Amino acid sequence: MINNSLKREPSDTKIALNTRVIIIGAGPAGAATSIFLTKAGIPHVIIEKNQFPRDKICGDACSGKTVFVLRKANPLWPEEIFKNKAEYMPSHGVTFVSPNAKVLNIPFSPAKVLEGQAPGFITPRLTFDNFLFEKLASNYAAIYQKATVKSIERQADGTVQVNFIHEDETYEVTAPLIVGADGDKSQVRKKFLSSHTSSKAYCVGLRAYYQGVTGLHENHFIELHFLPEVLPGYFWIFPLPNGITNVGIGMMSDRIRKKKINLREEMLNAIKTNPNISHRFSNAKLVDKIQGWGLPMCMKRQPLSGDNFLLTGDAAGMIDPFTGEGIGNAMYSGMLAAFAIEELLKAGKHDAALIKEKYDDVLFKRIGNELKTSATLQRLSHYPWLFNFVVEKAHKSKTLNDTITSMFTGIDLRKQLRKPSFYTRILLNR
Ligand SMILES: Cc1cc2nc3c(=O)[nH]c(=O)nc-3n(C[C@H](O)[C@H](O)[C@H](O)COP(=O)(O)OP(=O)(O)OC[C@H]3O[C@@H](n4cnc5c(N)ncnc54)[C@H](O)[C@@H]3O)c2cc1C
């Protein structure tokens with residue numbers, strides 16, 4: 001085992017660390033990177049600005065992709081999650097409500113789901129991110145919480161150096177590679193990529209916790225209500241344990257700006273007056289304040305790396321532009337970043353061309369088509385009539401039904417959505 005080396009400077013003012021990888025951020029993306037680096041025996045330093053357990057504004061819904069990465073990390077972890085019914089709500093499907101209020105219940109495919117488990121789950125991020133964080137302790141990971149990054153610099157010798165403050169001490173950590181897992185407002189992205197996420201691919205979401213919402217599906221389906229006033233976007237109700245629900249609304253930021261929409265009012269209005277929603281909130285109580293945060297969506301392929309650096313999760317803008325799913329993609333990109341790093345360190349290289357080949361290209365080969373399909377669906381969902389039409393057809397077409405299910409559970413069927421023959425079949429009701 002190789003340890004992160006630690007050296008105190010003679011002046012005693014700065015602690016110098018040498019490692020192989022620096023990870024900024026310990027959310028799902030950073031945690032997944034660290035977990036798989038540890039599995040490969042690669043020493044690394046994690047710098048996190050908050051102290052765990054910490055909250056993250058989110059819908060709290062974890063898909064099959066999250067379960068897949070967890071299982072790859074350690075098959076016992078999904079077992080641990082699904083056994084803990086007090087904190088984790090297993091979810092077996094999704095309810096779509098079209099702009100004209102037609103309801104479509106789609107159970108997630110039970111294929112590949114192990115006994116006693118479910119395709120997905122819902123749990124507050126306070127709980128899930130802490131679950132992941134507690135798995136990071138290892139001889140290979142040096143973790144600094146409540147740390148403030150002061151500077152990130154590429155050195156003349158081809159390494160990266162990060163200066164940070166932790167418990168009143170100044171640290172200077174040096175490594176050949178840095179992973180930006182620092183979320184939506186990524187400092188690593190800002191430092192190394194001149195183009196920041198374009199406003200067109202940006203969604204804003206509000207989250208609220210309510211107690212006592214009624215009419216939830218018996219198999220804990222997540223609910224997406226595509227209200228005409230928030231398209232392309234949706235109002236959601238996701239069930240959590242103990243009678244709590246995560247309720248929220250998400251909408252593209254360019255549309256919010258253009259139409260001068262007050263998203264908070266829009267959400268409260270739906271809860272108070274929408275005939276399909278309001279009666280379910282008649283005895284419900286808001287149990288936390290309503291809070292908002294941004295969702296950087298992947299509408300088209302963008303660079304995720306360069307000399308010495310790799311971006312993961314929200315720092316890479318990896319949120320699915322139709323479903324809004326970001327946790328699974330954050331963990332998946334973190335896992336692939338760790339696999340790429342293992343190869344790069346073996347080769348003793350960390351130049352932009354090789355990192356792109358080992359990381360960006362692999363990631364987009366695996367989930368690029370899925371993201372392209374979601375980007376198309378998001379564009380189509382600008383049109384309520386089309387949405388109503390698709391939901392109407394999904395009631396009759398098994399193919400379409402299966403495809404919508406696959407958007408939340410698998411990748412393969414999504415390819416069909418990009419074939420013209422698929423639409424012909426729907427039109428012909430097959
Ligand atoms: C309203 C809303 C609803 C959503 N609903 C869902 C949902 O239901 N399902 C889903 O899958 N996704 C959802 N998402 C998306 C999901 O929350 C993100 O995609 C996911 O959190 C990305 O994980 P991450 O690790 O990349 O970033 P984060 O979870 O943001 O973690 C980044 C970490 O980096 C730390 N950090 C940031 N800056 C620094 C710094 N300078 N120095 C050190 N540390 C730093 C932060 O403290 C944090 O711990 C939603 C998002 C929003 C806003």
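Let's start at a ring: Lys135 lies over the face of Phe131, 4.6 Å from the ring centre. Bear in mind that this is a predicted model. Phe131 also belongs to a cluster, where ring pairs link it with Trp77, Phe82, Tyr88, Phe121 and Phe128. Elsewhere, Lys185 does something similar with its charged end, which sits over the ring of Trp293 at 4.5 Å from the centre.

There are plenty of rings to look at, since a search of the whole structure finds 19 aromatic pairs. Take Phe68 and Tyr332, a tilted pair with 6.3 Å centre to centre and 40° between the planes. Phe68 belongs to helix α2 and Tyr332 to helix α8, so this pair links distant parts of the chain, 264 residues apart. What about their surroundings? Phe68 is partly exposed, at 41% relative accessible area, whereas Tyr332 is buried, at 7%.

Now turn to Phe192 and Phe309, which are stacked, with 4.9 Å between centres and 15° between planes. Because Phe192 lies in helix α5 (residues 187-192) and Phe309 in strand β22 (residues 309-311), their pairing ties together parts that are 117 residues apart in sequence. Phe192 is buried with a relative accessible area of 14%, and Phe309 counts as buried at 2%.

Both of these rings touch Ile178, whose other contacts include Ile22, Ile24, Ile152, Val160, Val162 and Leu310. That brings us to the core. The largest nonpolar core has 80 residues, and Ile47, Phe128, Val162 and Ile178 touch the most other members. Helix α8 (residues 327-347) gives this core its largest share, 12 residues. Another core lies apart from it, with 22 residues, among them Val94, Phe108, Ile122 and Leu224.

Next, have a look at a small piece of sheet. Three strands form an open sheet in the order β5-β9-β6, with antiparallel pairing. Why do β5 (61-62) and β6 (89-91) each have one side without a neighbour in the sheet? They stand at the edges, and each has a single partner strand, so one side stays unpaired there. Three bridges join β6 to β9 (residues 120-122), and Ser91 has Gly120 as its bridge partner in β9. Helix α2 (residues 64-73) packs on this sheet, touching β5 and β9, and its direction makes about 105° with that of β9.

Finally, find Ser98 in the loop between β7 (93-97) and β8 (103-107). Is Ser98 buried or exposed? Ser98 is buried, with a relative accessible area of 2%. Beyond its neighbours within four places in sequence, Ser98 is in contact with Phe226, Phe387, Asn388 and Val391.

Note on methods: Residues are numbered from 1 along each chain as its sequence is written. This is a predicted model: local features need pLDDT of at least 70, side-chain atom pairs count only at pLDDT 80 or more; totals for chains, interfaces and linings use all residues. Side-chain values use heavy atoms; hydrogens and water are left out. A nonpolar core is a set of buried Ala, Val, Leu, Ile, Met, Phe, Trp, Tyr and Cys residues joined through side-chain atoms within 4.5 Å. Buried means under 20% relative accessible area, exposed over 50%, partly exposed in between (1.4 Å probe, protein chains only). Helices (H or I, at least four residues) and strands (E, at least two) are DSSP runs, numbered from the N terminus. Contact means heavy atoms within 4.5 Å. Two strands pair if DSSP finds at least two bridges between them. Axes are lines fitted to C-alpha atoms, for helices over the stretch in contact, and angles run from 0 to 180 degrees between N-to-C directions. Rings of Phe, Tyr and Trp (its six-membered ring) pair if their centres lie within 6.5 Å; planes under 30 degrees apart count as stacked, over 60 as edge-to-face and the rest as tilted. A charge sits over a ring if NZ of Lys or CZ of Arg is within 6 Å of the ring centre and within 35 degrees of the ring normal.
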